[in-house]
Amino acid sequence: MLQQILRDMYIDPELLAELNEEQKQILFYKMREEQLRRWREREEKARMEEAVLRKTARRNQSNGKRVRWLRGQDGEVWVWVMGEAPGDKPYEQISEELIAERARQQAQKEAEELWRQKEAEITKKFRDAMAQEKARIVAEKWKIEMEDRKAAKLEEEKIQEELKKREEEERQKGEELIRQQEEIRAKELYLSLKQAQQHSQHSDDDQEWEEQLRRSKAADEERSHKARLARDEYRRQSLRAIQKGRVAGLSHLFQGTNLSKDQEVKLNNSSSPLLSTAASSKIWERPSRPLSRDLIIRWFKEEQIPRRAGFERNTNRIAQWFHGIISRQEAEELLMNKSEGAFLVRVSEKIWGYALSYRQQNGFKHFLVDASGDFYSFLGVDPNRHPTLTDLIDFHKEEIITSSGGELLLEPCGQQKNPPDYSPLFE
């Protein structure tokens, strides 16, 4: 089952929902390793194809068109880098000119706004002065009593001329002041923009780099930690399995192998007439995954009964922990009033195998057991391969399933129905 998942790089959502967190994490790492292996193969293949193409292109160049690169006096390919060729402005100078132009435009814009305000003040000032002077002339009695109206008019024009002259002088002074302030402001803005640019470049680059480095280190540490836990768990269980002698070989002994003839003879000799009938039935081809309950029942009769799945060791009695095709919810209801360490094994509807349901202190855990090959193993969690389902259960009565959860199989959970829920499997 695991090989099929890695081959297709796809896992059915319903099957994924059956996995607990430990199984999901380890399955993710295995899929990631497979992705890296395929990527390396593609890279190597692309490299070899590119080498072949280059060799073919060199052979064809003698008869076909080809590109000739312009070379310099030193014989190397001539390369022009903008800003470094003779006559090009260096990047620093271009940057300086751009900053200076921005500062000049900003200062000019501020100066125009300041001049509009100043001009409005000057206009208002002399308009008010003109009005006051007219009012004074009108109010004075001497103007009314003067017989020569022309003299009064000349006097008024003279005063207006004087006021206009003063207004023009005031305007010139204001323009000169604004021009000076514009130059000073342009210099200030230039220095400010220059400092801001330098600070922004250093600050943004440093912050972005530090953030990326922090996230990368955190991800690397998390991946390393999980990978280390998985390796330690594998080594611990493998070593323990060898010491106990409960596993009939590790992965390299059970890949692609069948039960030995001696084992088959032993099973056939010790089985009931029902077992002999099932073992001698016609060989069938199972689909890649269970499609119906009828197919699951046939698979169990054709493949699992001859391997004594669900039986106690060296007897024809059904193990207390064995259950039929029941759902996760039904399994949890059976375990609800049990203490921590209680467990049962049920036939899975998602894969060719089983699901081990385990009672925790504060809930339940479910582990998928892959039985699609010639061995039994937890999907993703336990790397050890067991020759029988009973061997797997007995092994984890003494050895924890995962180091993080510390699950030990302590109390088998039996049947609560009559007839038992596994009866359709043995009819």
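Q: In which helix is E161 found?
A: This is a predicted model in which local features need pLDDT of at least 70 and side-chain atom pairs count only at pLDDT 80 or more, whereas totals for chains, interfaces and linings use all residues. Residues are numbered from 1 along each chain as its sequence is written, and side-chain values use heavy atoms, with hydrogens and water left out. Helices (H or I, at least four residues) and strands (E, at least two) are DSSP runs numbered from the N terminus. By this assignment, E161 lies within residues 149-244, that is, in helix α6.

Q: Is E161 buried or exposed?
A: Buried means under 20% relative accessible area, exposed over 50%, and partly exposed in between (1.4 Å probe, protein chains only). Because the relative accessible area of E161 is 54%, this residue is classed as exposed.

Q: Which residues gather with E161 in a patch of negative charge on the surface?
A: Patches are made of residues with over 30% relative accessible area and no salt bridge, like charges being joined within 9 Å and nonpolar side chains (Val, Leu, Ile, Met, Phe, Trp, Tyr) within 5 Å. Lys and Arg count as positive and Asp and Glu as negative, with His and the chain ends not counted; the place of a charge is taken as NZ of Lys, CZ of Arg, CG of Asp or CD of Glu. E161 is exposed, with a relative accessible area of 54%. The residues that gather with E161 are E157, E162, E168, E169 and E175.

Q: What accessible area do V67, W69, V77, V79 and V81 have together?
A: W69 is placed in the loop between α3 (21-60) and α4 (91-139), and W69 is exposed, with a relative accessible area of 60%. Accessible areas come from the Shrake-Rupley method with a 1.4 Å probe, and for residues only the protein chains shown count as cover. Together, the five side chains named form a nonpolar surface patch whose accessible area is about 520 Å².

Q: How many salt bridges does a search of the whole structure find?
A: Side chains of opposite charge can pair when their charged atoms come close. A salt bridge is a side-chain nitrogen of Lys or Arg within 4 Å of a carboxyl oxygen of Asp or Glu. Over the whole structure, the number of salt bridges found is 18.

Q: Which residues are linked with E41 and R37 in a network of salt bridges?
A: The closest N and O atoms of E41 and R37 are 2.5 Å apart, in a salt bridge. These two residues are separated by about one helical turn because they are 4 residues apart in helix α3. E41 is partly exposed at 46% relative accessibility, as is R37 with a relative accessible area of 37%. The network links E41 and R37 with E34 and R38.

Q: What is the N to O distance in the salt bridge of E211 and R214?
A: E211 and R214 are 3 residues apart in helix α6, so about one helical turn separates them. E211 is partly exposed at 31% relative accessibility, and R214 is partly exposed at 48%. Their side chains meet with an N to O distance of 2.7 Å.

Q: Which residue forms a salt bridge with D394?
A: Helix α12 (residues 389-398) holds D394 and its partner 3 residues apart, about one helical turn. D394 counts as buried at 16% relative accessibility, while the partner is partly exposed at 36%. With the closest N and O atoms 3.6 Å apart, that partner is K397.

Q: How many of the residues of α12 are buried?
A: Among the buried residues of α12 are L389, L392, I393 and F395. D394, which forms a salt bridge with K397, is also listed as buried. The helix is mostly covered, and of its 10 residues the number buried is 8.

Q: What is the order of the strands in the open sheet?
A: Two strands pair if DSSP finds at least two bridges between them. The pairing in this sheet of 5 strands is mixed. The edge strands, each pairing on one side only, are β4 (377-378) and β5 (411-412). The order is β4-β3-β2-β1-β5.

Q: Which residue in β5 stands opposite F343?
A: Strand β1 (residues 342-347) pairs with β5 in the parallel sense, over 2 bridges. Opposite F343 stands P412.

Q: In β3, which residue is the bridge partner of L356?
A: Strand β2 (residues 353-360) is largely enclosed by the rest of the structure because 8 of its 8 residues are buried. β1 and β2 run antiparallel over 5 bridges and are joined by a hairpin through 5 residues. β2 and strand β3 (residues 363-370) also pair in the antiparallel sense, over 8 bridges, and a hairpin of 2 residues joins them. In β3, the bridge partner of L356 is F367.
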